[in-house]
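User: I'd like to go through this assembly with you before I get back to the bench. Could you take me through the contacts between chains and the annotated positions?
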Number of protein chains: 6
Amino acid sequence: MFYHDKRLQYPVKVEKPDPHFARMLQQAIGGIEGEIRVCMQYFFQAWGARGPTTKYRDMLLHTATEEMGHVEMLATAVALNLEPAPLQDQEESAADAVVGAVMGGENPRHVMEGMLHRHILSTGLAAFPANSDGVPFDMSHIYASGNLAADMYCNVAAESTGRVLATRLYNATNDPGMKDMLHFMIARDTMHQQQWLAVIEELGGHEGTLPIPNSFPQSKEHQEHSYDFFATAADGSPPPQGRWTTGPSLDRKGEFSVFQNKPLGEEPVLGPARPHSGAQSEQID
Amino acid sequence: MFYHDKRLQYPVKVEKPDPHFARMLQQAIGGIEGEIRVCMQYFFQAWGARGPTTKYRDMLLHTATEEMGHVEMLATAVALNLEPAPLQDQEESAADAVVGAVMGGENPRHVMEGMLHRHILSTGLAAFPANSDGVPFDMSHIYASGNLAADMYCNVAAESTGRVLATRLYNATNDPGMKDMLHFMIARDTMHQQQWLAVIEELGGHEGTLPIPNSFPQSKEHQEHSYDFFATAADGSPPPQGRWTTGPSLDRKGEFSVFQNKPLGEEPVLGPARPHSGAQSEQID
Amino acid sequence: MFYHDKRLQYPVKVEKPDPHFARMLQQAIGGIEGEIRVCMQYFFQAWGARGPTTKYRDMLLHTATEEMGHVEMLATAVALNLEPAPLQDQEESAADAVVGAVMGGENPRHVMEGMLHRHILSTGLAAFPANSDGVPFDMSHIYASGNLAADMYCNVAAESTGRVLATRLYNATNDPGMKDMLHFMIARDTMHQQQWLAVIEELGGHEGTLPIPNSFPQSKEHQEHSYDFFATAADGSPPPQGRWTTGPSLDRKGEFSVFQNKPLGEEPVLGPARPHSGAQSEQID
Amino acid sequence: MFYHDKRLQYPVKVEKPDPHFARMLQQAIGGIEGEIRVCMQYFFQAWGARGPTTKYRDMLLHTATEEMGHVEMLATAVALNLEPAPLQDQEESAADAVVGAVMGGENPRHVMEGMLHRHILSTGLAAFPANSDGVPFDMSHIYASGNLAADMYCNVAAESTGRVLATRLYNATNDPGMKDMLHFMIARDTMHQQQWLAVIEELGGHEGTLPIPNSFPQSKEHQEHSYDFFATAADGSPPPQGRWTTGPSLDRKGEFSVFQNKPLGEEPVLGPARPHSGAQSEQID
Amino acid sequence: MFYHDKRLQYPVKVEKPDPHFARMLQQAIGGIEGEIRVCMQYFFQAWGARGPTTKYRDMLLHTATEEMGHVEMLATAVALNLEPAPLQDQEESAADAVVGAVMGGENPRHVMEGMLHRHILSTGLAAFPANSDGVPFDMSHIYASGNLAADMYCNVAAESTGRVLATRLYNATNDPGMKDMLHFMIARDTMHQQQWLAVIEELGGHEGTLPIPNSFPQSKEHQEHSYDFFATAADGSPPPQGRWTTGPSLDRKGEFSVFQNKPLGEEPVLGPARPHSGAQSEQID
Amino acid sequence: MFYHDKRLQYPVKVEKPDPHFARMLQQAIGGIEGEIRVCMQYFFQAWGARGPTTKYRDMLLHTATEEMGHVEMLATAVALNLEPAPLQDQEESAADAVVGAVMGGENPRHVMEGMLHRHILSTGLAAFPANSDGVPFDMSHIYASGNLAADMYCNVAAESTGRVLATRLYNATNDPGMKDMLHFMIARDTMHQQQWLAVIEELGGHEGTLPIPNSFPQSKEHQEHSYDFFATAADGSPPPQGRWTTGPSLDRKGEFSVFQNKPLGEEPVLGPARPHSGAQSEQID
């Protein structure tokens, strides 16, 4: 169960409200690389964690709970970026003036700036759980497979795309408050990339974990092709050489090679459509 | 551009059609762990690949093209599992009899078996691009971030959950044809896990690639917390110890430690709602 | 069944076409606070209404049918706002000039103004059933629970957010025609808020309807906590005082109090993963 | 920010695991009437709350934090209902036997029971953030309008449909552990219905809050129709009489009456399609 | 604007309630081939219809209004199929007994039959705007392009898949009431296929309407390939011969031929990733 | 199975990168009228094609494979339109300058231009499988019904709306490279409209294929209304006359006429809600 503190995990300050940046921040709230995603992903992985110890469940709970605080910080940042600017700034800046105009309603012709309308129309100048296009977050992005190693790689993927997004946001603002908030969040993403990869290392690294799931005996797979790079160029030209075309596999259980893809199967033939199946008569035997 | 061969990449045979299994196979077609996802993900990563060489673009095209053939194999497997069983089998098996009944329409009371209805009602006994719950695949699951290392981890995640799914399917069927098809597909998932991790290794492994993106100077992040595990237990009890709580970080750029989470920020205070903003009067200053 | 009249329920006129406003109006068509939602919600509530009388079913049909006319009005308003402006207005207004340019195709460099592109690309300057971000309306927002009182509150919620939206739209336009249309629609929202609350009153108000469903005996609920406000501050600081922390409950069946939340349960322990379940070996007993 | 306790808010015990019931419980996790919805709805309302005091923001934070613990309880309940039954129960029960068979993989022909497949295929016998049809939760259901009264009615609607669902779940299980968990959760829904209505009362009840938003002057609405029930029967037959057809309105600002709906507007005429607009030639002037 | 009659367009009677069939009927309500789709599609096409006459707008309004009555019929049919069966039938039929058990709650172990749960949990035994998998209808399926001929083909497509579905439903029930309802609806689908094709004929048939849009001068298209069938077999084997490989084109403006597809373009080369763009350093020039 | 060639099907060149146009092109990638849709639609129709010959399956495979190359061309076009403009152009054009600023990060205040943010934030200046509003493509738009004639009309609909879109894009750019690419793609859409209609003709045209499915005996439909135009004007005024109101039907099996719609059924009466069903007490018998 959970407790809250009204204070934020880290300071969130906005010197010059910027509704454009508010819209960009939405990607970090409700985008697939965002914080709702990692928060919920870690929670559902924790709640379904099975294994001889509760160690990974516990760890996931700590970090999921931390992430909920990140969602809160970003939602606060959006709301603050939608506040009217101080008066002198409004005079200086056309963009800020729009905010003032919107809030006071004096100048409805200028209301719609593209990045503002949804916050105004539907939320009254607050954050909402959607990405910067206004597409609501969809919980199918909560990856929790029941396989610990697979889940860890899902988490690395989430934190990698998440940190990429955070650095793009950092580069897109000059506001000292926003930069400070992001330089904290970027640091946390750094750690979280480490954290999930450290689980992989603890589980034995490439050799211990691969192929995932490691509980399925490789004797049951078609081992002839387990370490083949399949080339599909129509003219049979060779694929680019890389670590994956020659040498020992990362799990040390095979040797990479290149296989020119070709049909090993036949042309499939389906039975005709059946009577009463809603097909055209011509399709029915 | 692309070419096709009418023959399948690998044989797809079904000895005893099983509509239950057809439904399960849908997860490998239109599920988030499925083959449409990896096919399209590799294509979009390839088409947007930027960098001094086209090496990774080229590699991605080879594998994306291979994956399209996997979608084809699975769609064929679904259609074959929805064929009526040979006559003698129908007599032996209630489940198979349902299929016959459905097709002939003689016994409408037994039509609906849950796993059949959508194939019959909407596709005429064929595969469709949805998961085994009938939820259509949604292209937001195509992860392509523009960062090569992040994309590779997205791919590892996809192939890890994909191989987990494939082994579960393997364990859920006794049909020799289906087992053979899956033991080939599982082998390919083995290779694809290797392949994307090999790119990471080629790029320098943990030390060379982390934190992702490695192009953002860590001097701009709040380094005090870059390698801290944040503990969020309300009673301050310590988190479980692991590779991620002490010792050198995986990128060799820091040292792991534990930090008891606490509010570093203040309670946020938003301005009042503005006149004409659609709030209740009580919210307006 | 239904009939139509080609004339609109209320006049829809646009003096100065404004594609920005067209985009805003889309929120009232295909937004979750919009008219498709209430129309379909009332229809599905009507079609599933069960009870000793058909009174509520009948009432719902009247209002659902009215709402279909509101969707029509708004779709017409969008189309009219996308008409080219009269010539003299085009000269005066950059925004309007864009519309002319778009329509004539003379100036393709200026085509894309953000709010126009989807209307042009996909609808040929007409309304479409999506919100102002272009997110299509999703019928999961049709709330119809089979419980009359719950449904009435769903309807109050819809009409409250709907009237909030309508007033924001009213404040965002200076066009006399649009203001007139909206001042009619806002009046209808006023009535519809009344209407659903009047059903609650007719059913006995707070005392008669609460808790919803009132057919479930409260003896079966954990009454010790039925009127407790659960406080979750980590430091145990008291929550804000309000009507909900002390005094008789609204249904007169209890007394409000405050309860400091704490774990009444234990740490859950799930069984290990099973063999053949696709987990890592380490998770399997 | 947030803290967690590994223990659950209330005991969650399952005597006889029942995968059917696990599927039903999913509706309370990822359904539109479920706990993720209320948790996130209260959080986003809190994070965007504007007004002279932080009272409502604070209250919302308390309850949102409580709800996160409810999601945890339900996710745990799903996982426990997917555990294999004790041995003697397995012998007695076909349904339970299926679970064993599935887990051990011995009997793949019986694997698919409809309610099990998604938990097995995609989550490894754990909860996931989707409803009982497997449709993932979509964050567009987080209603937060920026208007305090509208938001309270959205919350009443959520808790009303939520308690209806919880009582249906209670009636659908005989498991003492599940019944106990639900009788706690039903009590909390009772309180939460009270709580949001108490805010309405504190804000002045019907007279003080209606019409929502009360900050929009009714002088700007078409008051002639503000308290009219519009009748739409084609033959002009009168609508059913009710509290909403005669007598004073609930806000005491008007008198209910019935108005036979009729076209007050004209048939709309749109301009022809423009050259280069992609219409057929016949549509172009 | 619209009027209603409480009576149904055509009788809807159910002799033996069948929850399985109720679930199948949902496909005709909220499936992509269903009645909400055609109803809303015709309305939005009407409301956006542009051209020298209002003839097509008017026609569309007639038929859209008819379709709303079909949604009503189907929703009623679902509700009636979810009624408890008469007593003697309950004794005869396990499936029907389930319904009774569910409603009375006596036998929770048997509650979940897969096709029932959503109707019970979320709607209280009524229809809802989703398909037979419970996937809510998504308004992106309302095709209205602003091009009259394109829209007509969208409508033919909808009515063709719709009638296919209706005949499958007809073949799946023995209930005389349901068969009667469907034999009416199938007749209406027959007419609606005719109707939209008749518009095409009125507009000049293949020669008058093709290529759509006919307002775009073919001189601006790459006419060398306007009537070529592109063959993509990797081994250059010829495609199957058909009406589309030789002979005059349907619009009489060209001659069909076969073209072996080959790359006419070059390998694309994208610029490197830019500094500060969140790419890995290796991707940056 | 499939092969690729690194070269594009047709040249894709961009003289002046235009991020506005990149956004518009997204509609042709991930819009419902776009190329992913036709590619996947033809593949799934092929993979499920049943009938005495594999002719239509084969033809569909050729064209689906061609379409995959179109997706590639468009994704390449998007990436090229997001490249920085040559230096002199940047000086001339505010819009282009934005791109440079964005990439270099020098001027974060100007970053957000609406059409750029998603490409920058989430993809690093590449295409993604969503429409021009950023709504991800949803595979429910893959229409494959199992009825050959219905599928052909679905394909005509897709290619008609697709060519409408392509001509709108053509009219929206002055870039010679983009115009050249589109004049090729428009030609291919011309052919594909022909191709699917040619199948209809080969199957017997209107008389041979209608009503779809032609395998359902018309004797089972309510033939009295099979060729009636139902008029729904409330005042009984006649509908507009057209090819569909008088004369022989297109399939030569009936005669068109007009029928004034009226209720042929009765008011439906549903049973009361049952005990324990979660309804209000007042709804329960």
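Analyst: Let me start with a term: a salt bridge here is a side-chain nitrogen of Lys or Arg within 4 Å of a carboxyl oxygen of Asp or Glu. Please keep in mind throughout that this is a predicted model.

User: Fine, so how many salt bridges are there between chain D and chain C?
Analyst: The count between these two chains is six salt bridges, and one of the pairs that meet in this way is Lys6(C) with Glu267(D), whose side chains come to 3.8 Å, N to O. Beyond charged pairs, 51 residue pairs are in polar contact across the interface of chain D and chain C, counting pairs with both residues at pLDDT 80 or more.

User: Which helix of chain D gives the most to the side that touches chain C?
Analyst: That is H8(D), with 15 residues. At least two residues each come from helix H3 (55-81), helix H5 (94-104), helix H7 (148-171), helix H8 (176-202) and strand E2 (228-231) of chain D.

User: And what area is buried between chain D and chain C?
Analyst: About 9,300 Å² is buried between them, and carbon and sulfur atoms give 65% of that area. On the side of chain D, the residues that lose the most area to chain C are His62(D), Gln194(D) and Trp244(D), which together make up 8% of what that side buries. In terms of residues, 106 of chain D are in contact with 107 of chain C.

User: How are those two chains related in space, what turn lays chain D on chain C?
Analyst: A turn of 180° with a shift of 0.0 Å along the axis lays chain D on chain C, with an RMSD of 0.0 Å. The same surface serves both copies, since 100% of the contact residues of chain D recur in chain C.

User: What about chain C and chain E?
Analyst: Chain C can likewise be laid on chain E by a turn of 180° and a shift of 0.0 Å along the axis, with an RMSD of 0.0 Å, and that is the relation of a two-fold axis. Here too the same surface serves both copies, with 100% of the contact residues of chain C recurring in chain E.

User: Changing topic, which residues of chain A does UniProt annotate as "binding site"?
Analyst: The unreviewed UniProt entry gives that annotation to Glu35(A), Glu67(A), His70(A), Glu159(A) and His192(A). They are spread over 158 residues of sequence and yet cluster in space, with a largest C-alpha distance of 13.1 Å.

User: Is His192(A) buried or exposed?
Analyst: His192(A), which lies in helix H8 (residues 176-202) of chain A, is buried, because its relative accessible area is 1% and the cut-off for buried is under 20%. Leaving out residues up to four places away in sequence, His192(A) touches Thr63(A), Glu66(A), Glu67(A) and Glu159(A), and a polar contact of 3.1 Å joins its side chain to that of Glu66(A).

User: And where is Glu35(A)?
Analyst: Glu35(A) is in helix H2 (residues 35-47) of chain A, and it is buried too, with a relative accessible area of 9%. Among the residues it touches are Glu67(A) and His70(A).

User: What does Asp58(A) touch?
Analyst: Asp58(A), which the unreviewed UniProt entry also covers with the annotation "binding site", touches Pro240(B), Glu267(C) and Lys6(D), not counting residues up to four places away in sequence. Asp58(A) is in helix H3 (residues 55-81) of chain A and is buried, at 7% relative accessible area.

Technical notes
Residues numbered from 1 in each chain as written. Chains lettered and ligands numbered in written order. Predicted model: local features only at pLDDT ≥ 70, side-chain atom pairs only at ≥ 80, totals over all residues. Heavy atoms only, no water. Least-squares fit on C-alpha atoms with pLDDT ≥ 70 in both. Contact = heavy atoms within 4.5 Å. UniProt positions renumbered as here; feature names shortened; annotations may be inferred. Helix = DSSP H or I, 4+ residues; strand = E, 2+ residues; numbered from the N terminus. Buried < 20%, exposed > 50% of the residue type's maximum accessible area, 1.4 Å probe, protein only. Buried area = accessible area lost by both parts, 1.4 Å probe. Polar contact = N/O pair within 3.5 Å; in protein donor to acceptor, adjacent residues only side chain to side chain.
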